[in-house]
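User: Please take a close look at one helix-to-helix contact in this model, and then place it within the rest of the chain. Give the cut-offs as you go.

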Amino acid sequence: SLWTILLLVVLAVLLLVGVLHTHVKLLLPAEVERPPVTNIMFLKTHKTASSTVLNILYRYAEMHNLSVALPVGRSFHLGFPWLFVTRYVEGALQAGPHPGPPRQFNIMCNHLRFNLPEVQKIMPNDTFYFSILRHPVTQLESSFIYYKNYAPAFRAASSLEAFLKAPHRFYNSSAGLRNAYARNSMWFDLGFNNDAAADDAYVRARLVEVEQRFQLVLIAEYFDESMVLLRRLLHWQMDDVVAFRLNARSPHSVVRLSPQGRERALSWSALDWRLYLHFNHTFWTRVRAELGPRRLRAEVEQLRARRLELQTLCLEDTAPRSGASIADPRLRPYQSGDADILGYVLRPGLDNATLHLCQRMVMPELQYVARLYTLQFPQKPRKRIPFLEH
Ligand SMILES: Nc1ncnc2c1ncn2[C@@H]1O[C@H](COP(=O)(O)OS(=O)(=O)O)[C@@H](OP(=O)(O)O)[C@H]1O
């Protein structure tokens with residue numbers, strides 16, 4: 001009868017829709033399906049573009065109401081240069097005569113010297129661990145200018161070139177941990193001995209340890225490629241990893257080593273050199289496995305185009321400005337050593353929503369730490385930022 005035919009047609013349509021639905025689902029890229037990763041530990045190494053990464057993580061945390069393991073009390077880092085312990089984190093330890101286990105957090109990304117068992121106490125089991133490395137020559141050049149008056153080894157040296165000619169005249173490993181900035185600083189950040197001899201078995205064993213713990217090690221020289229890869233592994237949106245370059249030296253505080261100086265730097269920081277060579281290699285293997293050249297290029301272009309769009313939207317000048325000349329204290333970056341650290345000035349007259357976004361994109365690390373601290377612990381005294389007070 002007509003009714004039977006109609007019923008059969010309806011059933012056939014329903015079946016077709018069902019099949020199509022499953023197939024369309026199968027055709028969608030897997031990343032759309034998976035929820036974003038929100039438990040993240042970023043080991044913030046020194047002078048490696050890590051403040052730019054911190055800004056990305058802080059913005060994400062703020063936007064999604066995630067908890068951040070923030071430095072306790074007045075401090076702005078998690079106990080560095082001492083090995084990390086949980087009491088460096090505000091609110092991690094419960095008070096009282098019978099305190100329960102430490103509190104756990106979603107995001108951890110301030111400077112610390114890596115110490116896995118202590119980190120694990122406050123980060124969930126499914127935490128995504130990642131870090132970033134930079135070529136040891138440029139990393140050391142940046143470190144020398146930035147920590148010129150802080151690291152005893154750098155204080156008496158007239159230049160990095162002079163330091164590297166006779167490092168043992170200036171560097172004394174028993175002079176205290178402040179000298180960690182002067183040799184194998186990334187190796188030190190990872191929790192290892194930065195004065196160890198770079199013998200093969202020792203180095204290999206440590207590299208395996210890092211590989212086992214960190215799901216991803218990024219490379220500052222390929223920052224945009226790094227962000228594309230990070231976004232993919234975290235299942236985030238492209239906009240989540242768009243950032244402006246933060247904490248950069250102005251070109252006049254950049255001093256490049258001579259070819260001989262570079263050679264010396266690499267043998268002086270031989271552990272960092274081995275570390276960098278190894279993870280530069282694994283980085284590109286990973287990029288190839290996850291993306292392939294065409295997709296990589298397309299996504300990097302997309303990221304750059306979006307950054308340019310946001311620069312035009314947010315910033316008064318196309319280039320960053322000398323930090324000390326920035327009138328707004330919320331946006332003035334901390335100046336250190338002999339470095340002129342650059343910052344940004346926002347375009348006047350931005351509407352509220354745009355201002356909210358732009359301010360966070362250019363907010364220097366210390367100000368952002370203080371801001372999140374007040375948001376997370378409104379009942380505690382605000383963090384004071386000493387350099388803004390005089
Ligand atoms: N996006 C991006 N790409 C490449 N390089 C970048 C980026 N962002 C920051 N930087 C450079 O990283 C240096 C600052 O590093 P950190 O922020 O890790 O320094 S700190 O240890 O937190 O003080 C600093 O290096 P120098 O300018 O050579 O000192 C920055 O210019």
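Analyst: Helices (H or I, at least four residues) and strands (E, at least two) are DSSP runs, numbered from the N terminus. This is a predicted model, in which local features need pLDDT of at least 70 and side-chain atom pairs count only at pLDDT 80 or more, while totals for chains, interfaces and linings use all residues. Residues are numbered from 1 along each chain as its sequence is written, and side-chain values use heavy atoms, with hydrogens and water left out.

The contact chosen is that of helix α10, residues 200–213, with helix α13, residues 270–290. Their axes (lines fitted to C-alpha atoms over the stretch in contact, with angles from 0 to 180 degrees between N-to-C directions) come within 11 Å and cross at roughly 45°. That makes α10 oblique to α13, the class left over once angles under 35 degrees (roughly parallel), over 145 (roughly antiparallel) and 65 to 115 (roughly perpendicular) are set aside. On the α10 side the contact (heavy atoms within 4.5 Å) is made by Asp200, Tyr202, Val203, Arg204, Leu207, Val210 and Glu211. Helix α13 supplies Leu271, Arg274, Leu275, His278, Phe279 and Thr282.

One residue of this contact, Phe279, repays a closer look. Phe279 sits in helix α13 and has a relative accessible area of 3%, so it is buried (under 20%; exposed is over 50% and partly exposed in between, with a 1.4 Å probe and protein chains only). Leaving aside neighbours within four places in sequence, Phe279 touches Leu207, Val210 and Glu211, and these three are among the α10 residues of the helix pair. Phe279 also touches Leu133, Val217 and Ile219. In the case of Leu133, the two residues are 146 apart along the chain, yet their C-alpha atoms are separated by 8.0 Å.

The chain around this pair holds 16 helices and 6 strands, and its C-alpha trace spans about 100 × 55 × 55 Å along the principal axes. Buried residues make up 51% of its 390 residues. Among contacts between residues at least 6 apart in sequence, 72% join residues at least 24 apart.

The largest nonpolar core (buried Ala, Val, Leu, Ile, Met, Phe, Trp, Tyr and Cys joined through side-chain atoms within 4.5 Å) has 96 residues. Touching the most other members are Leu57, Tyr58, Phe84, Met108, Ile122, Phe130 and Met227. Apart from that core lies another, of 26 residues, including Phe144, Ile145, Tyr147 and Ala265. Beyond four places in sequence, Phe130 is in contact with Ile40, Met41, Phe42, Leu43, Val53, Leu57, Phe214, Leu216, Leu218 and Leu230.

Some backbone geometry elsewhere in the chain should be checked as well. Most residues other than glycine have a negative phi, and most peptide bonds are trans. Ala49, in the loop between β1 (40–43) and α3, has a positive phi near 75°. Ala49 is partly exposed, at 29% relative accessible area. Asn184 also has a positive phi, of about 45°, and is found in the loop between α8 (167–170) and α9 (185–189). With 2% relative accessibility, Asn184 counts as buried. The peptide bond from Phe80 to Pro81 is cis, with omega near 5°. Pro81 belongs to the loop between α3 (50–63) and β2 (107–108).
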